Amino acid sequence: MKVKVISRSTDEFTRERSQDLQRVFRNFDPNLRTQEKATEYVRALNAAKLEKIFARPFIGAMDGHIDAISAMAKNPNHLKGIFSGSMDGDIRLWDIANRKTVCQFPGHQGAVHGLSASTDGRILVSCGTDCTVRLWRVPVPSLMEPDDASDDSAKSLAVYTWKNAFRAVDHQWDGNLFATAGAQVDIWDHNRSQPVNSFEWGKDTVISVRFNPGEPDILATSASDRSIAIYDLRMSSPARKVIMRTKTNSIAWNPMEPMNFTAANEDCNCYSYDARKLNEAKCVHKDHVSAVMDIDYSPTGREFVTGSYDRTVRIFQYNGGHSREIYHTKRMQRVFCVKFSCDASYLISGSDDTNLRLWKAKASEQMGVLLPRERKNHEYLEAVKNRYKHLPEVKRIVRHRHLPKAIYKASNLRREMTESERKKEDRKRAHSAPGSMPKEPLRKKRIIQEVE
């Protein structure tokens, strides 16, 4: 005869210390939890509302420059260091954690248009409108205390004077070469006072240059003739070029998919391209209402940040057509440069009002050390919200953003203009011979031609 008894081991439910939580036993049988979906939906709704309540993305402003900030660069070897250059020739190294200047790099006589740090973070390259390229020694992290920075750390290692003003500079991800953009693309070595190589394709000014993170010898440039060109240092001539309808202000390569890059354009959009297939954009990222001035990818490669002339900073998914987040303040003016921090947790924006601003990459993220239970709870709420994100109420709350009146009106106006253009094309097509006006997708519409 079998006798069924209820038994439990004292080890399973006895607390080791009085501070420990009581063990709770749950039966996850769905038959016992008939209201599970309804409960989870309410949790998702509350999580979406709480996210809005706790959304405080702005951390602080770093002031010290006396003119508009025109260039920024990350220090790849030091997490909390960032360089900024302004229109009056002032270059500063900032400690993001303390939001203070560590040291200054005096020397430029005109606006600084390009900053880039070497792979090991020991050398800073700067260039500007005074026709000079300067190499600086960066103070080592142990010296990076705002009050203890030594004077000799801000001295220039080398000054190379050239024939034309420079618009941008970028250092190889792996190597000793760096490229400058101006009247042409010049390739420099740390130890040579003359360019080791020069590329020219047309007579227009090159306004931005970016080395590929995966292939050190490949770089992309954009020029004032509305073109985007790909160069290979192993070849004597440029490789490929695509001409768009409007000018591209900046380019950023995806660090996780180094064959893809995104271009920030004057027509308020960003265009993601595959470098192997330039006759069509992979994705068009829309939302800004004025020219996009700068762009930078997150180290994860899953999203990028853009700064625009419309005085806002937006965050896009790498494959998303619309921004997931918009940041703005009353005092922030036109944003000329933006950067993701090296740990993908923060954004830094530099604007016309002489300030650098520090933002959280996730607006409602809790700062400081999280307890394991807190982290687990955040992950659970995120998962629940993700599960019910398609339902109208959750979707509405998650998508809603308060916009400045000027941007709200401008975006409505742009929407009306785009809609009326589409209607006009549809009417033209309806009254034309069949096949005489083929539909052209937006991904191809803004491209004039591809040149091999």
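Student: What makes the second largest cavity a cavity, and how much space lies in it?

Tutor: The term covers a set of points, on a 1 Å grid over the protein atoms alone, where a 1.4 Å probe fits but cannot get out. Here about 40 Å³ of space is enclosed, where a volume is the space filled by probe spheres set on grid points joined across faces, edges and corners. By the way, this is a predicted model, so local features need pLDDT of at least 70 and side-chain atom pairs pLDDT 80 or more, while totals for chains, interfaces and linings use all residues. Residues are numbered from 1 along each chain as its sequence is written, and side-chain values use heavy atoms, leaving out hydrogens and water.

Student: Which residues line the second largest cavity?

Tutor: Lining residues have an atom within 4 Å of a point. That gives W162, N164, A165, F166, G182, A183, Q184 and D186.

Student: How do you know the classes of that lining?

Tutor: Ala, Val, Leu, Ile, Met, Phe, Trp, Tyr, Cys and Pro count as nonpolar, Asp, Glu, Lys and Arg as charged, and the others, Gly among them, as polar. The tally is four nonpolar, three polar and one charged.

Student: Is S323 called buried or exposed, and why?

Tutor: Buried means under 20% relative accessible area, exposed over 50%, and partly exposed in between (1.4 Å probe, protein chains only). S323 has 17%, so the word is buried.

Student: What about G107: why does it get its label?

Tutor: At 22%, G107 falls in the range between the cut-offs, so it counts as partly exposed. G107 is placed in the loop between β5 (100-104) and β6 (112-117).

Student: What makes the link between S323 and D287 a polar contact?

Tutor: A polar contact needs a pair of N or O atoms within 3.5 Å; within protein, one must be able to donate a hydrogen and the other to accept it, and residues adjacent in sequence count only if both atoms are side-chain atoms. The side chains of S323 and D287 are joined at 2.9 Å, so the name fits. The side chains of S323 and R314 are joined by a polar contact of 2.9 Å too.

Student: Why is S323 said to touch K286?

Tutor: Contact means heavy atoms within 4.5 Å. Leaving aside residues up to four places away in sequence, S323 touches K286, D287, R314, I315 and F316.

Note on methods. Helix = DSSP H or I, 4+ residues; strand = E, 2+ residues; numbered from the N terminus. 1 Å grid on protein atoms, 1.4 Å probe; cavity = no way out; pocket = protein on both sides within 12 Å on 5 of 7 lines; lining within 4 Å.
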